[in-house]
Amino acid sequence: MQIHENIDSLRAARAGAGRVAFVPTMGNLHEGHIALMRQAREHADCVIASIFVNRLQFGAGEDFDRYPRTFAADCEKLAAAGVEHLFAPDESVMYPQPQRYHVDPPAEQVSILEGEFRAGHFRGVATVVMKLLNIVRPEVALFGKKDYQQLMVLSNMVRELAMPIEVVPGETVRAEDGLALSSRNGYLSADERARAPLLHHLLAGIRAAVRTGERDFARLQADAMARLSAAGWAPDYVAVRRRLDLQPPVQEDDVLVVLAAAKLGRTRLIDNLEI
Ligand SMILES: Nc1ncnc2c1ncn2[C@@H]1O[C@H](COP(=O)(O)OP(=O)(O)OP(=O)(O)O)[C@@H](O)[C@H]1O
Ligand SMILES: CC(C)(CO)[C@@H](O)C(=O)[O-]
Ligand code: BAL
């Protein structure tokens with residue numbers, strides 16, 4: 001695997017690479033990331049990954065400084081997965097001067113779910129992903145469904161701005177006990193890690209109830225929030241939404257997803273299940 005720390009080097013490699021599939025990450029790689037790399041291989045001659053912990057998408061008081069950085073181990077995993085090129089810029093390459101131009105996702109996205117609790121987050125994500133896509137110029141870009149709203153914001157950005165890129169979603173990879181793999185799981189103490197699958201179990205319960213005809217979403221959401229609180233979590237939201245735009249369902253035949261975010265100790269976890 002070739003590692004490129006600057007844009008010119010990555011672009012020179014990309015020029016002769018044929019059809020490219022791109023998987024952007026923030027590093028600290030786990031099986032969820034590696035599944036995306038393998039899936040990328042099915043779409044292209046060449047897989048390019050990136051590792052960049054993007055300051056722009058972290059709010060004040062969030063975990064930018066302590067976000068896990070495990071570059072050597074990440075490189076071994078990417079090489080073992082057959083990734084050809086890794087773009088690993090530092091901040092002086094991505095942001096040589098304070099970023100003045102931004103991509104602003106629509107208000108109806110930045111005001112709900114993750115957007116409501118992480119002001120500026122999706123602006124930071126959309127801006128860095130636009131910049132990464134302009135640098136790599138892939139035919140295909142892959143994003144995980146674990147970050148469901150991010151996948152939607154970025155799919156819409158690519159479509160509405162007519163970028164010549166196919167966005168491919170990856171299924172969420174989970175631990176055996178149901179917990180969605182996430183770099184932030186590493187923050188959990190042993191006791192918190194043992195309790196963490198509750199988030200997935202509550203979502204699975206809501207999915208089962210809706211599948212058998214339950215339509216009182218407000219009650220399902222409130223029950224799950226109460227159970228999280230009773231188990232010592234601090235929930236931000238549990239929400240049944242339509243997949244189309246993540247707004248509350250209005251019609252009987254809306255296709256749904258249930259999403260949640262909650263803090264366990266200092267660690268904020270998100271998860272979702274398509275219904
Ligand atoms: N469990 C998972 N299954 C599938 N894809 C995943 C999983 N976790 C993350 N991804 C995807 O990997 C890409 C890079 O994500 P990122 O580097 O932020 O990892 P993460 O584990 O989600 O970290 P974080 O703790 O910051 O949420 C994103 O497209 C994300 O949706
Ligand atoms: C897409 C992304 C790499 C942009 O920094 C990040 O939000 C992530 O890892 O999901
Ligand atoms: N959504 C993945 C990156 C982040 O939480 O900032």
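**Exercise 1. Contacts of one residue**

Leaving out residues up to four places away in sequence, which residues does Gln-57 touch?

*Solution.* Before we start, keep in mind that this is a predicted model.

Step 1. Locate the residue: Gln-57 sits in the loop that links strand 3 (46-51) to helix 3 (71-80).

Step 2. Look for its contacts. Once residues up to four places away in sequence are set aside, Gln-57 touches His-121, Gly-124, Val-125 and Val-128.

Step 3. Decide how enclosed Gln-57 is. A residue is called buried if 20 or more other C-beta atoms lie within 10 Å of its own. Gln-57 has 21 C-beta neighbours inside 10 Å, so it counts as buried.

**Exercise 2. Two annotated positions**

Find where UniProt places the feature "binding site", and work out why these positions gather at one spot.

*Solution.*

Step 1. Start from the record: an unreviewed UniProt entry places "binding site" at Gln-57 and Gln-150.

Step 2. Compare sequence with space. The two positions span 94 residues in sequence, yet their C-alpha atoms are not more than 11.4 Å apart, so they gather at one spot.

Step 3. Take a look at the second position. Gln-150 belongs to helix 8 (residues 148-160). With 22 other C-beta atoms within 10 Å, Gln-150 is buried.

Step 4. List its contacts. Beyond the neighbours within four places in sequence, Gln-150 is in contact with Val-125 and Phe-143. Val-125 also appears among the residues that Gln-57 touches.

**Exercise 3. The shells around the ligands**

Describe the residues around ligand 2, ligand 3 and ligand 1, in that order.

*Solution.*

Step 1. Ligand 2 has around it Pro-24, Thr-25, Met-26, Asn-54, Gln-57, Val-125, Val-128, Val-129, Asp-147 and Gln-150. Two or more of these residues come from each of strand 2 (20-25) and helix 7 (121-136). Helix 7 gives the most, with three residues.

Step 2. Sort the shell of ligand 2 by class: five residues are nonpolar, four are polar and one is charged.

Step 3. Move on to ligand 3, which is surrounded by Met-26, Gln-57, Asp-147 and Gln-150. One of these is nonpolar, two are polar and one is charged. Look back at the list for ligand 2, and you will find Met-26, Gln-57, Asp-147 and Gln-150 there as well.

Step 4. Finish with ligand 1. It is surrounded by 18 residues, and the closest are Gly-32, Gly-144, Leu-181, Ser-183 and Arg-184. Helix 2 (31-41) and strand 5 (140-144) each supply at least two residues of this shell, and helix 2 has the largest share, four residues. By class, the shell of ligand 1 holds seven nonpolar, eight polar and three charged residues.

**Exercise 4. Two domains and where they touch**

How many residues of domain 1 are in contact with domain 2, and which element supplies the largest share of that side?

*Solution.*

Step 1. Set the bounds: the assignment gives domain 1 (2-170) and domain 2 (183-274). Their centres, taken over C-alpha atoms, are separated by 25 Å.

Step 2. Count the contacts: 11 residues of domain 1 meet 11 residues of domain 2. On the side of domain 1, helix 6 (114-117) and helix 8 give two or more residues. Helix 8 has the largest share there, with three residues.

Step 3. Classify that side of domain 1: seven of its residues are nonpolar, three polar and one charged.

**Exercise 5. Strand 8 and its partners**

Is strand 8 (residues 256-264) largely enclosed or exposed, and which strands pair with it?

*Solution.*

Step 1. Check burial: seven of the nine residues of strand 8 are buried, so the strand is largely enclosed by the rest of the structure.

Step 2. Take one partner. Strand 7 (residues 234-242) runs antiparallel to strand 8, and eight bridges join them; Pro-235 has Ala-262 in strand 8 as its bridge partner.

Step 3. Take the other partner. Strand 9 (residues 267-274) pairs with strand 8 in the antiparallel sense, over eight bridges, and Leu-264 is bridged to Thr-267 in strand 9.

Step 4. Inspect the turn. The hairpin of strand 8 and strand 9 has two residues between the strands, and Gly-265 takes a positive phi near 60° there.

**Exercise 6. Positive phi outside glycine**

Examine the phi values of Asn-28 and Leu-246.

*Solution.*

Step 1. Recall the background: most residues other than glycine have a negative phi.

Step 2. Asn-28 has a positive phi, near 55°. Asn-28 lies in the loop between strand 2 and helix 2, and it is buried, with 20 other C-beta atoms within 10 Å.

Step 3. Leu-246 has a positive phi too, near 60°. Leu-246 lies in the loop between strand 7 and strand 8, and it is buried, with 21 other C-beta atoms within 10 Å.

Methods. Residues are numbered from 1 along each chain as its sequence is written. Chains are lettered from A and ligands numbered from 1 in the order in which they are written. This is a predicted model: local features need pLDDT of at least 70, side-chain atom pairs count only at pLDDT 80 or more; totals for chains, interfaces and linings use all residues. A residue is near a molecule or strand if its C-beta atom, placed from the backbone, lies within 6 Å of it. Ala, Val, Leu, Ile, Met, Phe, Trp, Tyr, Cys and Pro count as nonpolar, Asp, Glu, Lys and Arg as charged, and the others, Gly among them, as polar. UniProt positions are given in the numbering used here, feature names are shortened, and annotations may be inferred rather than shown by experiment. A residue is buried if 20 or more other C-beta atoms lie within 10 Å of its own, exposed if 12 or fewer, and partly exposed in between; C-beta atoms are placed from the backbone. Two residues are in contact if their C-beta atoms, placed from the backbone, lie within 7 Å. Domain bounds come from an automatic or database domain assignment. Two strands pair if DSSP finds at least two bridges between them.
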